[in-house]
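Colleague: Hi! Could you walk me through this one? I'm new to reading structures, so plain words please.

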Amino acid sequence: MNTANDKPLAFLDVDGAISPFNFPRNLAEISFTTDLFGKRIGCAIPYGMKERVYRLRKICDVIWFTAWQEAANYHICGRLGIPDMPVGFIDVNYYRAGVTWKLPFLQDYLHKNAIKRPAVWIDDDIFNDNW
């Protein structure tokens, strides 16, 4: 059994990971629309996602790594009925389509926090540009 200090880290995105793009809202367990980034954002969370996040949290220290920032705790954790999770900083103004734009923020987070543990990054926005 992993203890809090030796669990791997899991950096988790919302759009495309927790809420798949173009997922039919009528098939979602949880569906809502909210204002983020100055526009309306739709979110459809499939059945079973709560259990998947719970299982992930048992084996990893999960950190939100999403443009949603703290809104992920409010909108996602609150609706799934799971405890809030730490949030890694991402500057949404840095977004560029077609590139792994979050990578510098992930590297910065790992460096600033002297992270030496294994980690996984669960995101749909990863390309071959920076590896």
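Colleague: Let me start with one residue: is Phe37 buried, partly exposed or exposed?

Modeller: Phe37 counts as partly exposed, because its relative accessibility is 41%. Keep in mind that this is a predicted model.

Colleague: Where is Phe37 found?

Modeller: Phe37 is in the loop between strand 2 and strand 3. Its phi is positive, about 60 degrees, although Phe37 is not a glycine.

Colleague: Why point out the sign?

Modeller: Most residues other than glycine have a negative phi. Gln69 is another residue with a positive value, near 50 degrees, and Gln69 lies in the loop between strand 4 and helix 2.

Colleague: OK, on to the sheet. What is the order of the strands in the open sheet of 3 strands?

Modeller: The order is 4-1-5, and the pairing is parallel. Strand 4 and strand 5 (119-122) have a single partner strand each, so they stand at the edges and one side of each has no neighbour in the sheet. On average, neighbouring strands here are turned by 20 degrees against each other, direction ignored.

Colleague: How many bridges join strand 1 to strand 5?

Modeller: There are 4 bridges between strand 1 (residues 9-12) and strand 5. If you want a place to look, find Leu12, which stands opposite Ile122 in strand 5.

Colleague: Which helix lies across strand 1, strand 4 and strand 5?

Modeller: That is helix 3 (residues 103-112), which runs at about 150 degrees to strand 1. Strand 1, strand 4 and strand 5 are also among the parts that cover the buried residues of helix 3.

Colleague: And which residues of helix 3 are buried?

Modeller: Leu103, Phe105, Leu106 and Tyr109 are buried in helix 3. Looking down the helix axis, you would see the buried residues within an arc of 165 degrees, so they line one face of helix 3. His111 and Lys112 are exposed on the other side of helix 3.

Colleague: Is there a general reason why residues in a helix can share a face?

Modeller: Yes: an α-helix has 3.6 residues a turn, so residues three or four places apart point the same way.

Colleague: What comes just after helix 3?

Modeller: Ala114 comes just after helix 3, with a positive phi of about 45 degrees.

Colleague: Now the rings! How many aromatic pairs does the structure hold?

Modeller: It holds 5 aromatic pairs. One of them is Phe11 with Tyr109, an edge-to-face pair with 5.6 Å from centre to centre and 85 degrees between the planes. This pair links distant parts of the chain, since Phe11 is in strand 1 and Tyr109 in helix 3, 98 residues apart. Phe11 is buried, as its relative accessible area is 1%.

Colleague: Can you show me another pair?

Modeller: Sure, try Phe32 and Trp68, which are edge-to-face with centres 6.3 Å apart and 85 degrees between the planes. Phe32 is in strand 2 and Trp68 is in the loop between strand 4 and helix 2, so the pair ties together parts 36 residues apart in sequence.

Colleague: Are Phe32 and Trp68 buried or exposed?

Modeller: Phe32 counts as buried because its relative accessibility is 6%, and Trp68 counts as buried because its relative accessibility is 2%. The ring of Phe32 also has the charged end of Arg79 sitting over it, 3.8 Å from the ring centre.

Colleague: Which residues form one aromatic cluster?

Modeller: Phe11, Phe65, Tyr109 and Trp121 form one.

Colleague: Change of topic: how many residues of helix 2 are buried?

Modeller: In helix 2 (residues 71-80), 7 of the 10 residues are buried, so to speak mostly covered. Among them are Ala71, His75, Ile76 and Leu80.

Colleague: What covers the buried residues of helix 2?

Modeller: The cover includes strand 2 (28-36), strand 3 (39-46), helix 1 (49-59) and strand 4 (61-64). Helix 2 is then followed by Gly81, which has a positive phi near 75 degrees.

Colleague: Last one: where is Ser19 found?

Modeller: Ser19 is in the loop between strand 1 and strand 2. Ser19 counts as buried, because its relative accessibility is 5%. Leaving aside residues up to four places away in sequence, Ser19 touches Val14, Cys43 and Ala44.

Colleague: Great, thanks!

Key. Residues numbered from 1 in each chain as written. Predicted model: local features only at pLDDT ≥ 70, side-chain atom pairs only at ≥ 80, totals over all residues. Heavy atoms only, no water. Buried < 20%, exposed > 50% of the residue type's maximum accessible area, 1.4 Å probe, protein only. Helix = DSSP H or I, 4+ residues; strand = E, 2+ residues; numbered from the N terminus. Contact = heavy atoms within 4.5 Å. Pairing = 2+ DSSP bridges. Axes fitted to C-alpha atoms, helices over the stretch in contact; angles between N-to-C directions. Phe/Tyr/Trp six-rings, centres within 6.5 Å; stacked < 30°, edge-to-face > 60°. Lys NZ or Arg CZ within 6 Å of the ring centre and 35° of its normal. Arc of directions from axis to C-beta.
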